[in-house]
Amino acid sequence: MTMQNMAAISIAPRDRVFVLTGAGISAESGLPTFRASDGLWAGHSIEDVCTPEAWQRNPALVWEFYSARRAAGAEAQPNPGHIALAELESSITDRFFLCTQNVDDLHQRAGSVRLAHMHGELSKARCSRECGSPPVEDRKVYRSLDEVGRCACGGRLRPHIVFFGEIPLEMDRIQEEIAKATVMLVVGTSGSVYPAANFVHWARQRGARTVYVGPEAPLNAAAFTHVVEGKAGEVLPGLFRA
Ligand SMILES: NC(=O)c1ccc[n+]([C@@H]2O[C@H](COP(=O)([O-])OP(=O)(O)OC[C@H]3O[C@@H](n4cnc5c(N)ncnc54)[C@H](O)[C@@H]3O)[C@@H](O)[C@H]2O)c1
Ligand SMILES: [Zn+2]
């Protein structure tokens with residue numbers, strides 16, 4: 001690991017870039033991270049709002065929490081970090097892939113297209129009975145559980161969010177993209193949520209350059225070839241020479 005301020009990362013014509021982002025990339029847009037607040041997400045403990053048990057116990061509280069995240073997300077705007085990643089994608093097109101742990105839609109709104117939301121999306125809901133119906137678009141801010149719709153099968157709709165203990169989405173596609181990457185950039189994630197915290201190890205085993213950007217070193221810092229300390233919105237614009 002080297003701690004240094006890098007002038008730029010050069011992206012050659014044969015390079016393929018895989019980017020993993022976490023809550024830190026949306027911090028400068030005003031959406032709080034967890035670890036900044038002692039493991040609380042917007043004042044709530046994960047166990048109360050972000051687990052299958054929480055949903056079984058108190059679906060009203062879970063919907064209240066995600067409704068508030070929807071309202072905050074709708075107010076937020078993409079920041080220069082999101083925009084820099086969308087610009088890199090537009091310059092190298094299909095040699096770029098972005099995987100986010102975030103459930104907000106700031107990457108799409110900045111213009112990112114080749115994008116996987118491994119932990120789900122605030123803007124969708126799905127059947128809580130897992131009956132096989134696909135997720136539906138749902139941006140409503142619910143005031144009570146009575147307003148929440150039901151699937152054709154009768155199951156109550158739940159947020160299309162991967163709760164702690166559930167299996168992340170799109171892992172096959174994500175693993176294929178990591179296998180092809182020659183450069184992995186990780187931005188604003190503490191390196192404590194698995195399997196995302198392992199992506200850097202998978203890329204490194206295949207010889208990729210691995211770069212971390214964030215104000216402090218992540219828990220898995222030793223697996224990075226470069227750690228660039230700084231805020232995403234300040235470091236990412238100008239980080240690449242494609
Ligand atoms: N915006 C969102 O969608 C959002 C917000 C909070 C939590 N979450 C969920 O919580 C889980 C949290 O794991 P995580 O590792 O992503 O977040 P985390 O809260 O554990 O860690 C945030 C990381 O961001 C870094 N950071 C803070 N400000 C930054 C900045 N300006 N630029 C770059 N980095 C910055 C911190 O140093 C820290 O390492 C994820 O699964 C995610 O789904 C999502
Ligand atoms: Zn159903």
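## Strands, helices and a zinc site

In this predicted model, V183, L185 and V187 point one way from β10 while M184 and V186 point the other way, and all of them are buried.

Reader: Happy to start there. How many of the residues of β10 are buried?

Author: In a regular strand, side chains alternate between the two faces of the sheet. That pattern can be followed here, with V183, L185 and V187 on one side of β10 and M184 and V186 on the other. β10 is largely enclosed by the rest of the structure, because the buried count is 5 of the 5 residues.

Reader: In which order do the strands of the sheet of 6 strands run?

Author: Good place to look next. β2 and β10 pair in the parallel sense over 5 bridges, and β10 is joined to β11 (residues 209-214) by 5 bridges, also parallel. On the other pairing of β2, 5 bridges link residues 17-21 to β5 (residues 96-100), again parallel. The sheet is open, with parallel pairing, and its order is β6-β5-β2-β10-β11-β12.

Reader: Which strands stand at the edges of that sheet?

Author: The order to read is β6-β5-β2-β10-β11-β12. A strand with a single partner has one side left without a neighbour in the sheet, so the edges are β6 (115-117) and β12 (226-229).

Reader: Which residue of β10 does T21 stand opposite?

Author: Let's walk along the β2 and β10 pair, which has 5 bridges. F18 of β2 has M184 as its bridge partner in β10. For T21, the residue standing opposite in β10 is V187.

Reader: Is β2 mostly covered or mostly open?

Author: One face of β2 carries V17, V19 and T21, the other F18 and L20, and all of these are buried. Towards β5, V17 stands opposite F96 and L20 stands opposite C99. With 5 of its 5 residues buried, β2 is mostly covered.

Reader: What is the handedness of the crossover from β10 to β11?

Author: The two strands run parallel and share 5 bridges, with V186 standing opposite Y212 in β11. Between them the chain passes through helix α7 (residues 199-205), and this β-α-β crossover is right-handed.

Reader: Now the smaller sheet, please: which strands are at the edges of the sheet ordered β8-β7-β9?

Author: This open sheet has 3 strands with antiparallel pairing. Strand β7 (residues 120-127) is joined to β8 by 2 bridges, and A125 has V136 as its bridge partner in β8. Pairing on one side only, the edge strands are β8 (136-137) and β9 (157-161).

Reader: Which residues are the protein donors of the zinc ion (ligand 2)?

Author: A useful clue is the spacing of the donor residues in sequence, C-x3-C-x19-C-x1-C. Each gives its SG atom, and the atoms lie 2.2 to 2.3 Å from the zinc ion. The protein donors are C127, C131, C151 and C153.

Reader: What arrangement do the 4 donor atoms around the zinc ion (ligand 2) make?

Author: The ideal angle for four tetrahedral donors is 109.5 degrees. Four donors count as tetrahedral if all angles lie between 85 and 135 degrees. The 4 donor atoms around the zinc ion (ligand 2) subtend angles of 101 to 116 degrees, so the arrangement is tetrahedral.

Reader: And is C131 buried or partly exposed?

Author: Buried means under 20% relative accessible area, and exposed means over 50%. C127, at 4% relative accessibility, therefore counts as buried. C131 has 38% relative accessibility, so C131 counts as partly exposed.

Terms used:
Residues are numbered from 1 along each chain as its sequence is written. Chains are lettered from A and ligands numbered from 1 in the order in which they are written. This is a predicted model: local features need pLDDT of at least 70, side-chain atom pairs count only at pLDDT 80 or more; totals for chains, interfaces and linings use all residues. Side-chain values use heavy atoms; hydrogens and water are left out. Donors are N, O and S atoms within 2.8 Å of the metal (3.2 Å for Na, K and Ca); water is not among the atoms, so sites may look incomplete. Four donors count as tetrahedral if all angles lie between 85 and 135 degrees; four count as square planar and six as octahedral if opposite donors are over 155 degrees apart and all others between 65 and 115; anything else is irregular. Buried means under 20% relative accessible area, exposed over 50%, partly exposed in between (1.4 Å probe, protein chains only). Two strands pair if DSSP finds at least two bridges between them. Helices (H or I, at least four residues) and strands (E, at least two) are DSSP runs, numbered from the N terminus. A crossover is right-handed if, with the strands pointing away from the viewer, the path from the first strand over the helix to the second runs clockwise.
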